[in-house]
Amino acid sequence: MSTATEHSFAEVWERTIQPTRADLTPDAARYFLQLCFEAADLARMNHLATAARSGNLTPEQQAELDNYMQLGWFLDLMKSKARLSLGERAAA
């Protein structure tokens, strides 16, 4: 693994969260499982994704889409950790 990769936001955050450790309290786990994007944000993500597929994103829109994707990744990690902490099988 290169040094740049080892120190990327994603790599550092994953090492910090340790998504394979089932160490959240039940209340914390349930809190993370209920988090979701608001309807307006989902609509915006869909709009940006459509523009991206057609190759029509501005640099600002690409940065916005990247932010949504990074937050989605974070939520996925936390929800995985939460399910593990509650002893649940991962949702498909």
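**View 1. Helix H2 passes helix H5 in a right-handed crossing.** This is a predicted model. H2 covers residues 9–17, and its axis runs 11 Å from that of H5, at an angle of about 20°. Angles under 35 degrees count as roughly parallel, so H2 is roughly parallel to H5.

**View 2. Residues of H2 meet residues of H5.** From H2 come Phe9, Ala10, Trp13, Glu14 and Ile17. H5 brings Gln70, Trp73, Phe74, Leu77, Met78 and Lys81. By type, the residues of this contact are eight nonpolar, one polar and two charged.

**View 3. Seven residues form the largest nonpolar core.** They are Ile17, Leu24, Ala29, Phe32, Leu77, Met78 and Ala82. Helix H3 (26–34) and helix H5 (59–85) each give at least two of them. H5 has the largest share, with three residues. A second core, separate from this one, has six residues, among them Met45, Leu48, Ala51 and Tyr68. In soluble globular proteins, nonpolar side chains tend to be buried together.

**View 4. Ala29 touches residues from elsewhere in the chain.** Set aside its neighbours within four places in sequence. Ala29 is then in contact with Leu24, Ala82, Ser85 and Leu86. Ala29 and two of these partners, Leu24 and Ala82, belong to the largest nonpolar core.

**View 5. Arg30 sits in helix H3.** Its relative accessible area is 45%, so Arg30 is partly exposed. Along the chain, Arg30 and Arg83 are 53 residues apart. In space, their C-alpha atoms are separated by 8.5 Å.

Notes
Residues numbered from 1 in each chain as written. Predicted model: local features only at pLDDT ≥ 70, side-chain atom pairs only at ≥ 80, totals over all residues. Heavy atoms only, no water. Core = buried A, V, L, I, M, F, W, Y, C linked by side-chain atoms within 4.5 Å. Buried < 20%, exposed > 50% of the residue type's maximum accessible area, 1.4 Å probe, protein only. Helix = DSSP H or I, 4+ residues; strand = E, 2+ residues; numbered from the N terminus. Contact = heavy atoms within 4.5 Å. Axes fitted to C-alpha atoms, helices over the stretch in contact; angles between N-to-C directions. Parallel < 35°, antiparallel > 145°, perpendicular 65-115°, else oblique. Left-handed = near helix turned anticlockwise from the far one by under 90°. Nonpolar A, V, L, I, M, F, W, Y, C, P; charged D, E, K, R; others polar.
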